[in-house]
Amino acid sequence: NGAGKTTMFNIITGNYEPTEGSIKFHGQKINGIKPHKIVHRGIARTFQNIRLFTSMTVLENVLIGFDYQAVYTYFEAIFRLPRFFKEERRITKRALEILEILGIAEFANELATSLSYGQQRKVEIARALAASPQLLLLDEPAAGMNPNETHELAELFFKIRDEFDITILLIEHDMKFVNHLCDRVMVLDYGKTIFEGH
């Protein structure tokens, strides 16, 4: 604790401004950009503590992730014009596909907070994937899980990496989980890299 892992995520996603240096993604500087604009650049994240919309279903939570991708105007949404319905059908279909890949499509119409801890974690990951990221930041996704759930989660991450063709940057304390899953490891101590290797 206190090594700077979550702080690094908060800097990458624009929640914190670095005191020095710069953050580059695909060769472009991204520090100073607002968090909601970082998503447009292709970076999405989950949080250490699950953050779901408590009054929404699993499907509704995932649909939030598509927000900036909708190709209808406010006018079309307010007056329920044809393009609005066409786009809503498209993103709902895609949200259900993501839930299917993560193995939780059967819970689409359940309140997200009524699911088990492990399933709620998958909902949060599904919502991040809905933003179509090229880089997915996962903050301690295996925290609080038993060994079976942790193993299942690792296999799911391999599937996500291949299915969505994305890079995953992961914060995790469970070294068995890390060694099974990660191609490259970096160890931080008070914000400094003390080990890095493949």
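Visitor: Where in the chain is G144 found?
Guide: Let's begin by saying that this model is predicted. G144 is exposed, with a relative accessible area of 75%, and its C-alpha atom is separated by 8.2 Å from that of Y117, 27 residues apart along the chain. As for its place, G144 is found in the loop between β4 (135–139) and α7.

Visitor: Is D165 buried or exposed?
Guide: D165 is found in the loop between α7 and β5. Residues count as exposed when their relative accessible area is over 50%. D165 has 69%, so the word for this residue is exposed.

Visitor: What is the phi of Y190, about?
Guide: Y190 is found in the loop between β6 and β7 (192–197), and at 68% relative accessibility this residue counts as exposed. Most residues other than glycine have a negative phi. Y190 is not a glycine, yet its phi is positive, at about 50°.

Visitor: Which residue just after α1 takes a positive phi?
Guide: Helix α1 covers residues 5–12. Just after this helix, a positive phi of about 85° turns up. The residue that takes this phi is G14.

Visitor: Which residues are buried in helix α1?
Guide: The buried residues of α1 pack against several elements, including α2 (35–40), β3 (43–45) and β5 (167–171). Also among them are β4 and β6 (185–189). The buried residues themselves are K5, F9, N10, I11 and I12.

Visitor: Is R121 buried or exposed?
Guide: R121 is found in helix α6 (residues 117–130). Leaving aside its neighbours within four places in sequence, R121 is in contact with F47, Q48, I50, D139, E140, P141 and M145. Buried means under 20% relative accessible area. The value for R121 is 0%, so this residue is buried.

Visitor: How many Å, N to O, is the salt bridge of E124 and R121?
Guide: An α-helix has 3.6 residues a turn, so residues three or four places apart point the same way. E124 and R121 are 3 residues apart in helix α6, about one helical turn. E124 counts as buried at 2% relative accessibility, and R121 is buried too, at 0%. Their side chains meet in a salt bridge, and the N to O value is 3.1 Å.

Visitor: How far apart in sequence are the parts that K122 and E152 tie together?
Guide: K122 forms a salt bridge with E152, with the closest N and O atoms 2.7 Å apart. K122 lies in helix α6 and E152 in helix α7 (residues 147–164), so the pair ties together parts of the chain whose separation in sequence is 30 residues.

Visitor: Is E152 buried or partly exposed?
Guide: Its salt-bridge partner K122 counts as buried, at 13% relative accessibility. Buried means under 20%, exposed over 50%, and partly exposed in between. E152 has 44% relative accessibility, so the term for this residue is partly exposed.

Visitor: With which residue does R90 form a salt bridge?
Guide: R90 is partly exposed, with a relative accessible area of 41%. Its partner is buried, at 6%, and both lie in helix α5 (residues 82–101), 3 residues apart, about one turn of the helix. The closest N and O atoms of the pair are 2.6 Å apart, and the partner is E87.

Visitor: Which residues are linked in a network of salt bridges?
Guide: The structure holds 10 salt bridges. Some of them join up into a network. The residues linked there are K93, R94 and E97.

Visitor: Why is the chain said to be as compact as a globular protein of that length?
Guide: There are 8 helices and 7 strands in the chain. For 198 residues the globule rule gives a radius of gyration of 16 Å. The chain is close to that value, so it is as compact as a globular protein of that length, with a radius of gyration of 18 Å.

Visitor: What percentage of the residues in the chain is buried?
Guide: The chain exposes about 11,700 Å², and carbon and sulfur atoms supply 52% of that area. Residues under 20% relative accessible area count as buried. Among the 198 residues in the chain, buried residues make up 42%.

Notes
Residues numbered from 1 in each chain as written. Predicted model: local features only at pLDDT ≥ 70, side-chain atom pairs only at ≥ 80, totals over all residues. Heavy atoms only, no water. Helix = DSSP H or I, 4+ residues; strand = E, 2+ residues; numbered from the N terminus. Rg over C-alpha atoms; globule rule 2.2 N^0.38 Å. Buried < 20%, exposed > 50% of the residue type's maximum accessible area, 1.4 Å probe, protein only. Areas by Shrake-Rupley, 256 points an atom, 1.4 Å probe, with all protein chains shown as cover. Contact = heavy atoms within 4.5 Å. Salt bridge = Lys/Arg side-chain N within 4 Å of Asp/Glu carboxyl O.
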